[in-house]
Amino acid sequence: MLDNISSATEARRKMDRVIIFGVLAIVAILVIAALLLFLNLPDANAFNMRVERIFVENDALTNSDDIKLLEILAQSGTAFSATLTSYRFVIFVLLLFATALLVAALAFLVMLVALNRRMAQVERSGIQVSSLIVSRDENTVYLNNMEFKLTPAATETMAILAEARMDDDVLSGIEIESIISGKSSVDCDEASGATRIKRLRDTLGNQMVSELLIKNISRKGYMLAIDKDVIQML
Amino acid sequence: MMKTRTPLSIVLALVATVSAANAGCYADYKAKRDNPLRLHYGITELSAAACSKAAAREKLNTTLAADGWTLLNVISVFDDSKLGQKEANAGQYFLRY
């Protein structure tokens, strides 16, 4: 399991290298393909030269009708070579498209791998809070759209902690007690604040565990809400 | 005997030169023009003094080039006796260049 440890920056550098080399390889391969294609396509004059050679090599080809036919042959060849140049352009455009698609495919592939890795990290780190809504009127806290009912005192503690977090503040037990009870901090002691935190932890923790781990199926009973494949008994 | 023999040889020689002049000298050739490709078969007349393929090539290179044609090759050099059968093939290029 120790092998799984890897630093995120190292992985990103590796990814960058993969992308750069992959894109370069794709572009190089397609440029070579394009060059070979364009060099191997027959020259526009190839047909005329072939017809001319036939004319020169056959001494018997002196009849004016035969010569007319040879000329027509050369002209049809020239017409075909004109279409060949248009094909050449079409092939070039298709090669460009192929390059773009391959580069995009590579980028998506790398992105997918990175995303998978991050997903695995998220799964390992347990609950990830993406939203927290505190409703004071209903004494309710919504965590990732999961609803938790709290006591009014616990809701108050939760709201104070949330506000302090938004201001990047850290609250001591005395401060918590003084804010909630309205007394000055001289009259408050650390223990009562700690008790409030403990109560909040208990109620919220209980409900969260019951929501995430121990499911209650009404009128049937209780069940662990996890995949049975991940359970191991030592 | 000697008297009669000499004039006879002279006469023979004269006849030979006259017949050579009458025989004529012609060459048939192939030529082309580019863009679009045009081909033609033609016959040209050569002087008796320069009656060879090389001479024909030299003459045709200049005369054809004046009209934008390129000489491809000279097929043969011949005399009057074969002129008739080749005339039809040469068509408008018969003795033109």
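Here is a walk through three helix pairings in chain A and one pocket of this structure, which is a predicted model.

Let's start with helix 2 of chain A, which covers residues 46-57. Its axis comes within 8 Å of the axis of helix 3 of chain A, and the two cross at roughly 160 degrees. Angles over 145 degrees count as roughly antiparallel, so that's the label for helix 2 and helix 3 of chain A. Helix 2 of chain A also passes helix 3 of chain A in a right-handed crossing. Who touches whom? On the helix 2 side of chain A you'll find A:Phe47, A:Asn48, A:Val51, A:Ile54 and A:Phe55. They meet a set of residues in helix 3 of chain A, among them A:Ile67, A:Leu70, A:Leu73 and A:Phe80. Sorted by class, this contact has 9 nonpolar and 4 polar residues, with no charged ones.

Now move along chain A to helix 6, residues 190-212, which has two partners to look at here. Take helix 4 of chain A (residues 152-166) to begin with: its axis and that of helix 6 of chain A come within 9 Å and cross at roughly 105 degrees. Helix 4 and helix 6 of chain A are therefore roughly perpendicular to each other. In this contact, A:Ala153, A:Ala154, A:Thr157, A:Met158 and A:Leu161 from helix 4 of chain A meet A:Arg196, A:Ile197, A:Leu200, A:Thr203 and A:Leu204 from helix 6 of chain A. That gives 7 nonpolar, 2 polar and 1 charged residues.

The other partner is helix 5 of chain A, residues 173-181, packed against helix 6 of chain A at an angle of about 80 degrees, with the axes 7 Å apart. This pair, too, is roughly perpendicular, because of that angle. From helix 5 of chain A, the contact includes A:Ile174, A:Ile176 and A:Ile180. Look for A:Arg196 and A:Ile197 again, since both are among the helix 6 residues of chain A that helix 5 meets. The mix here is 4 nonpolar, 3 polar and 3 charged residues.

Finally, let's look at some empty space. The second largest pocket has a volume of about 190 Å³. Its lining is made of 14 residues, and those nearest its centre are A:Ser64, A:Lys68, B:Leu39, B:Gln92 and B:Tyr93. Helix 3 (64-124) of chain A gives two or more residues to this lining, and so do strand 2 (38-46) and helix 3 (80-90) of chain B. By class, the pocket lining has 6 nonpolar, 5 polar and 3 charged residues.

Definitions and conventions
Residues are numbered from 1 along each chain as its sequence is written. Chains are lettered from A and ligands numbered from 1 in the order in which they are written. This is a predicted model: local features need pLDDT of at least 70, side-chain atom pairs count only at pLDDT 80 or more; totals for chains, interfaces and linings use all residues. Side-chain values use heavy atoms; hydrogens and water are left out. On a 1 Å grid over the protein atoms alone, a cavity is a set of points where a 1.4 Å probe fits but cannot get out, and a pocket is an open set with protein on both sides within 12 Å along at least five of seven lines; lining residues have an atom within 4 Å of a point. Grid points are joined across faces, edges and corners, and a volume is the space filled by probe spheres set on the points. Helices (H or I, at least four residues) and strands (E, at least two) are DSSP runs, numbered from the N terminus. Ala, Val, Leu, Ile, Met, Phe, Trp, Tyr, Cys and Pro count as nonpolar, Asp, Glu, Lys and Arg as charged, and the others, Gly among them, as polar. Axes are lines fitted to C-alpha atoms, for helices over the stretch in contact, and angles run from 0 to 180 degrees between N-to-C directions. Angles under 35 degrees count as roughly parallel, over 145 as roughly antiparallel, 65 to 115 as roughly perpendicular and the rest as oblique. A crossing is left-handed if the near helix is turned anticlockwise from the far one by less than a right angle, and right-handed if clockwise. Contact means heavy atoms within 4.5 Å.
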